[in-house]
Number of protein chains: 2
Amino acid sequence: MLFFTQCFGAVLDLIHLRFQHYKAKRVFSAAGQLVCVVNPTHSLKYAPTRCAAAQTSTEQGILSPCHHHEAVHDPQLVPCTCPLFSCPWEGHLEVVVSHLRQTHHINILQGAEIVFLATDMHLPAPTDWIIMHSCLGHQFLLVLRKQEKYEGHPQFFATMMLIGTPTQADNFTYRLELNRNQRRLKWEATPRSVLECVDSVISDGDCLVLNTSLAQLFSDNGSLAIGIAITTSKVHNAEAEM
Amino acid sequence: MLFFTQCFGAVLDLIHLRFQHYKAKRVFSAAGQLVCVVNPTHSLKYAPTRCAAAQTSTEQGILSPCHHHEAVHDPQLVPCTCPLFSCPWEGHLEVVVSHLRQTHHINILQGAEIVFLATDMHLPAPTDWIIMHSCLGHQFLLVLRKQEKYEGHPQFFATMMLIGTPTQADNFTYRLELNRNQRRLKWEATPRSVLECVDSVISDGDCLVLNTSLAQLFSDNGSLAIGIAITTSKVHNAEAEM
């Protein structure tokens, strides 16, 4: 009986996923746009036990991943850039992508323009929705985070970071677009480098910020579709000059 | 001596205004865009004494301007739509613009695309920046409001309302654009009718919402330049079909 209940549940999940995928495709109707359903992950980095552990390690002189400049002895090595877990890994920038895929199971998508469909927006903060995006010969990390900067008032923060150096990041422009019910919200900026740490970008508020009410206006049945496009800044400037 | 001090102050103000105007023009470099410097007004509507007075009048059966459906006896008459003051005026929709200009001294600007330059963004909430915008044969009310929805955390809310009926409002699309330091934020929506009350649009969060940190990122020396464009929805739809 339990087996049948579980099977039925799995089939329902599949139908639900297929339906959400179809809805996102309808919203972002441009042909060839890849829709990626991204499930939430409860961020363990901010859980009380992990925070306490991080604090203890900081007190003992072992710094958290964000303080990589002090923590890394070999300047060629960078810490794990996964925003979800406090991970002791460090390695060369070139192998960060394979570490994120293999150890933290973060998906990677190809394509100049994709649609990021974040499910279960109602889940309590802190929650993250994360994918990697491969485009124009580089890999980017897209992070949507639900966080309570002010207690009792969760907000959504979305940003895109280049898995590369700050100098490389300056060559790109990313665009995040929400579009629903005759409303459109667009955020365009230069991506930051993952070396700058996603936590500080979000605490600075230098990203797309949504109140709960705005997030609800753009959500459809608990899912938020974000259109993503990346261009090289040089092309962008040339267009502006035309 | 006092006279000279005052004169000198006025000259300094003029230079400062001219400088801000120049800066806004430089940011929104498109030729022919009209830059309008908008000074803040401390909203008296939310001052404790007025709120108490409004509450008393509601208890006595005299409704505030937002509840115009109940308050107006002649359905042809609408209440004053000024977001700043609780004003007992009521009249026909056609004379709302002249009432706002003459009684509340709200400026009106012509042009399809204008730049709204809000000064003194640091002033404490509640503060409003308001102008009227005449375009495509209609008048619109642009409201930027600094308000503390959550105590101690002021936010900025910007919206555009048609001085007309909700059916007329459905024919237009307005765009608000912030652009500074390689960051761009765009909000596009159908304007609401002034009959729907600006306070409810802001409390619903159905407008451009800025945290203090985002507002600071887009501000230049305490002033925020917002590019405004209005189009008819029919033109907009025709473009989408092409």
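# Two chains around one axis

Colleague: Which residue of chain A comes closest to the rotation axis?

Modeller: Bear in mind that this is a predicted model. Going by C-alpha positions, the closest approach of chain A to the axis is 2.5 Å. The residue that gets there is A:Lys186.

Colleague: And what kind of axis relates the two copies?

Modeller: Try laying chain A on chain B: a turn of 180° does it, with a shift of 0.0 Å along the axis. The RMSD of that fit is 0.0 Å. The two copies are therefore related as by a two-fold rotation axis.

Colleague: What percentage of the contact residues of chain A recur in chain B?

Modeller: Chain A puts 24 residues into the contact, and chain B puts in 24 residues. The same surface serves both copies. The share of chain A's contact residues that recur in chain B is 100%.

Colleague: How much area is buried between chain A and chain B?

Modeller: Carbon and sulfur atoms give 48% of that buried area. The total buried between chain A and chain B comes to about 2,100 Å².

Colleague: Which residue of chain B meets the side chain of A:Asp206 in a salt bridge?

Modeller: The rule finds two salt bridges across the interface of chain A and chain B. One of them has A:Asp206 on the chain A side, with an N to O distance of 2.6 Å. Its partner is B:Arg183.

Colleague: Which element gives the largest share of the side of chain A that touches chain B?

Modeller: Across the interface there are also seven residue pairs in polar contact. On chain A, strand E9 (153-162), E11, strand E13 (208-211) and helix H7 (212-218) each supply at least two residues of the side that touches chain B. The largest share, seven residues, comes from E11(A).

Colleague: Which residue in E11(A) is the bridge partner of A:Arg180?

Modeller: Look at strand E10 (residues 172-180) and strand E11 (residues 183-189) of chain A, which run antiparallel. Seven bridges join the two strands. In E11(A), A:Arg180 has as its partner A:Arg183.

Colleague: Which are the edge strands of the ten-stranded open sheet?

Modeller: Walk along the order: E1(A)-E6(A)-E14(A)-E10(A)-E11(A)-E11(B)-E10(B)-E14(B)-E6(B)-E1(B), with mixed pairing. An edge strand here pairs on one side only. That picks out strand E1 (34-38) of chain A and strand E1 (34-38) of chain B.

Colleague: By how many degrees are neighbouring strands of this sheet turned against each other on average?

Modeller: This is the open sheet of ten strands, which takes in E11(A) and E11(B). Ignoring direction, the average turn between neighbouring strands is 20°.

Conventions:
Residues are numbered from 1 along each chain as its sequence is written. Chains are lettered from A and ligands numbered from 1 in the order in which they are written. This is a predicted model: local features need pLDDT of at least 70, side-chain atom pairs count only at pLDDT 80 or more; totals for chains, interfaces and linings use all residues. Side-chain values use heavy atoms; hydrogens and water are left out. Two strands pair if DSSP finds at least two bridges between them. Helices (H or I, at least four residues) and strands (E, at least two) are DSSP runs, numbered from the N terminus. Axes are lines fitted to C-alpha atoms, for helices over the stretch in contact, and angles run from 0 to 180 degrees between N-to-C directions. Copies are superposed by least squares on the C-alpha atoms of residues with pLDDT of at least 70 in both. Contact means heavy atoms within 4.5 Å. Buried area is the accessible area (1.4 Å probe) that two parts lose on being put together, summed over both. A salt bridge is a side-chain nitrogen of Lys or Arg within 4 Å of a carboxyl oxygen of Asp or Glu. A polar contact is a pair of N or O atoms within 3.5 Å; within protein, one must be able to donate a hydrogen and the other to accept it, and residues adjacent in sequence count only if both atoms are side-chain atoms.
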